[in-house]
Amino acid sequence: MTAPIPKDIPDLPAIPGIPAPAPFIVPATAVVARARRSTATLFRVLVALAATAGVAIDLVLGHPIRVLSYFTIQANVLVAVVFAWSAWRAWTARRPLPPLLTGGTLLYIVITGLIYHLLLANASSPFSMTGGTDAPTGWQAVANQLLHTVTPIAAVVDWLLLTSPVARPVSQAATWLLYPIAYLIFLVGRSALIPAGSPGRYLYPFLDVDRHGHIGVLSNAVLLGLAFYALALLLVTLDHLRPDPVRRRAKTGFRLQPPVG
């Protein structure tokens, strides 16, 4: 008569010289199917089109080299590329873009909107560009609204309602400032190559050495840099605190997908 099989079979001791087998891990895609995000796709396509349209109008109305030198244009070009890319990844149910890229894009386009509305288009601002000039009309007005209002607001809406929060390190806020610093260096070099007194030598009034002097321009740059860093820290902090609008309610149990082939 054979002995009964024990209910609990103990693990066999490891054989010297033979490595233990690696644990078998079921990939997440075999348990839960990746979902296509149609709403995020459509919204991001519209944002990319809005940014592209605004840039295209400005390029047609102005000199391309001068137009492409503006921070506004560069930030909107970045929005068009990143949002189109993000739309494709949402449609194909792929992983989101790196947070360093998406967060930087959000920061730069928010800076664009704030600088325009608080400093450049504000008649009470010492750096206003609207004093003594007529408000833009026609296609120029359309481009201004797309580049300075529509895309910044849309980027914030996408971040708050269509993007999962990311536990970003505080150091990422400083990394995002590398581009504004590089852009400032570009503006200084550009103004040095244009003869003094030439119209359009300074793209932004708060960097106009003829009006504010070197000390004044340096002070403006430092204050703006500190404001940008504070805004970057705010975005990092909010990403630690805000709820996840993308997270779905967990379902009990799981179901393996049928094998392929």
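Okay, let's start at Thr 39, which sits in helix α2, the stretch from 38 to 61. This is a predicted model, by the way, so everything I say is computed from that prediction. Is Thr 39 buried or exposed? Its relative accessibility is 59%, so it counts as exposed. Now look across to Leu 162: in sequence, Thr 39 and Leu 162 are 123 residues apart, yet their C-alphas are 8.4 Å apart in space.

Leu 162 comes up again with Val 157, a residue of helix α6. Setting aside neighbours within four places in sequence, Val 157 is in contact with Phe 43 and Leu 162. Phe 43 and Val 157 are 114 residues apart along the chain, and 9.8 Å apart C-alpha to C-alpha. Val 157 counts as partly exposed, because its relative accessibility comes out at 31%.

Let me zoom out for a second. What is the protein built from, in helices and strands? There are nine helices and zero strands, so if you read along the sequence you just get α nine times over, α-α-α-α-α-α-α-α-α. There are 261 residues, and 34% of them count as buried. If you take contacts between residues at least 6 apart in sequence, 75% of those join residues at least 24 apart. As for the surface, the protein exposes about 17,000 Å², with carbon and sulfur atoms supplying 70% of that.

On to the inside. The largest nonpolar core has 45 residues. Those with the most contacts inside this core are Phe 71, Leu 107, Ile 111, Ile 115, Trp 176, Tyr 204 and Phe 206. Which elements give two or more residues to the core? That would be α2, α4, α5, α6, α7, α8 and α9. The one that gives the most is α5, with 10 residues.

Stay with Phe 206 for a moment. Beyond its neighbours within four places in sequence, Phe 206 is in contact with Ile 115, Leu 119, Leu 120 and Phe 127, and also with His 212, Val 217, Asn 220 and Leu 224.

Next, the α4 and α5 pair. People describe two packed helices by the angle between their axes and the distance between the axes. Here α4 is residues 71-91 and α5 is residues 99-120, and their axes come within 9 Å and cross at roughly 145°. The crossing of α4 past α5 is left-handed. On the α4 side, the residues that meet α5 include Phe 71, Ala 75, Leu 78, Val 82 and Trp 85. On the α5 side, they include Leu 101, Thr 105, Tyr 108, Ile 109 and Ile 111. Overall, that contact divides into 10 nonpolar residues, five polar and no charged.

The loop between α4 and α5 holds Ala 93. Most residues other than glycine have a negative phi. Ala 93 goes the other way, with a positive phi near 60°. Why does Ala 93 count as buried? Because its relative accessibility is 15%, and buried means under 20%.

Last stop is Gly 197, in the loop between α8 and α9. Gly 197 has a relative accessible area of 65%, so it is exposed. How far apart in space are Gly 197 and Asp 210? They're 8.4 Å apart, C-alpha to C-alpha, with their positions 13 residues apart in sequence numbering. That's my tour, thanks.

Notes: Residues are numbered from 1 along each chain as its sequence is written. This is a predicted model: local features need pLDDT of at least 70, side-chain atom pairs count only at pLDDT 80 or more; totals for chains, interfaces and linings use all residues. Side-chain values use heavy atoms; hydrogens and water are left out. Axes are lines fitted to C-alpha atoms, for helices over the stretch in contact, and angles run from 0 to 180 degrees between N-to-C directions. Helices (H or I, at least four residues) and strands (E, at least two) are DSSP runs, numbered from the N terminus. A crossing is left-handed if the near helix is turned anticlockwise from the far one by less than a right angle, and right-handed if clockwise. Contact means heavy atoms within 4.5 Å. Ala, Val, Leu, Ile, Met, Phe, Trp, Tyr, Cys and Pro count as nonpolar, Asp, Glu, Lys and Arg as charged, and the others, Gly among them, as polar. Buried means under 20% relative accessible area, exposed over 50%, partly exposed in between (1.4 Å probe, protein chains only). A nonpolar core is a set of buried Ala, Val, Leu, Ile, Met, Phe, Trp, Tyr and Cys residues joined through side-chain atoms within 4.5 Å. Accessible areas come from the Shrake-Rupley method with a 1.4 Å probe; for residues, only the protein chains shown count as cover.
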